[in-house]
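Here are some short exercises on aromatic rings, each with a worked solution. Have the sequence and the structure open beside you as you go.

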Amino acid sequence: MEKRINNVLRSEYYDSRKQLQSILIVLYPFFITSKGYLWSQLSKAARENEVVLVGGSIPEEEGDKIYNTSFIFSKDGEQIGRHRKVHLFDIDVKGGQRFFESDTFTAGDSLTVIDTEYGRIGVQICFDIRFIEWSRLMSLEGAEMIIVPAAFNMTTGPAHWEISFRARALDNQLFMIGCAPARDVNGSYVSYGNSIITSPWGDIIARLDEKEGILIQEIETEKVKSIREQLPIMKNRRMDIYNIGLN
């Protein structure tokens, strides 16, 4: 039987079990808060609504370090995974924007691919998606989809958001799911929005615009295997002359 996965975006809807009765995987966009209270609320939401939940992006303190972290919860509310953002957004554009995420956060150092009853799921955070090797490693680890809480801005969003998700999906023959905050033009950071789902064939199968909303999409993970058989990119890699792997 084909595995089917539903995805919903937008946290305000998560309190209603009636609205979640057919939802299997829930994604949050970015959050800015401390771990304790929100962690417990995410766990509670997963448990009470019986969904697998990917908890956006939360500052996580450990000792004297702070990580940009996404927590993943099972339908029982148990934490089944954690992704600490690996690639920090450090830029210094001459005559333009200067921003160093590393001034606050410590980079993670682990690949995050998790087994769930709905398939094998990779998790990245925002800037991680720009590093093609990282998505390929997830694919090689058996990921059938990669979930990316992210907030591209109004410069990078229109230029790179869609093509990044389509390219990573096409190159690695898996589903890419991008969950973004809605656009607030009066906020200190203006997000591009446009939460998106792309298929292993590289096309867009669902998308929101810049406004608040929810996105529910049925995903047939059997298409990953089917497309990889039709177009055997992974099988035909020349491992005798090149390779990719973790250190």
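**Exercises on ring pairs**

Phe89 has a relative accessibility of 22%, so Phe89 counts as partly exposed. Keep in mind throughout that this is a predicted model.

**Exercise 1.** Classify the aromatic pair formed by Trp39 and Phe73, and place both residues.

*Solution.* Start with the total: the count comes to six aromatic pairs. For Trp39 and Phe73, the ring centres are 5.3 Å apart and the planes make an angle of 70 degrees. Pairing needs centres within 6.5 Å, and an angle over 60 degrees counts as edge-to-face, so Trp39 and Phe73 form an edge-to-face pair. Next, place them: Trp39 is in helix α2 (residues 35-49) and Phe73 is in strand β6 (residues 65-73), so the pair ties together parts 34 residues apart in sequence. Finally, check accessibility: Trp39 is partly exposed at 25%, whereas Phe73 is buried at 0%.

**Exercise 2.** Work out the geometry of the pair Phe89 and Phe99, and locate both residues.

*Solution.* The ring centres of Phe89 and Phe99 lie 5.9 Å apart with planes at 40 degrees, so this pair is tilted. Phe89 belongs to the loop between β7 (79-84) and β8 (90-92), and Phe99 to strand β9 (residues 98-100), so the pair ties together parts 10 residues apart in sequence. Phe99 is partly exposed, at 39% relative accessibility. Now widen the view: ring pairs link Phe89, Phe99, Phe127 and Phe131 into a cluster.

**Exercise 3.** Find the ring over which the charged end of Arg84 sits.

*Solution.* The ring is that of Tyr67, and the charged end of Arg84 is 3.8 Å from the ring centre.

Terms used:
Residues are numbered from 1 along each chain as its sequence is written. This is a predicted model: local features need pLDDT of at least 70, side-chain atom pairs count only at pLDDT 80 or more; totals for chains, interfaces and linings use all residues. Side-chain values use heavy atoms; hydrogens and water are left out. Rings of Phe, Tyr and Trp (its six-membered ring) pair if their centres lie within 6.5 Å; planes under 30 degrees apart count as stacked, over 60 as edge-to-face and the rest as tilted. Helices (H or I, at least four residues) and strands (E, at least two) are DSSP runs, numbered from the N terminus. Buried means under 20% relative accessible area, exposed over 50%, partly exposed in between (1.4 Å probe, protein chains only). A charge sits over a ring if NZ of Lys or CZ of Arg is within 6 Å of the ring centre and within 35 degrees of the ring normal.
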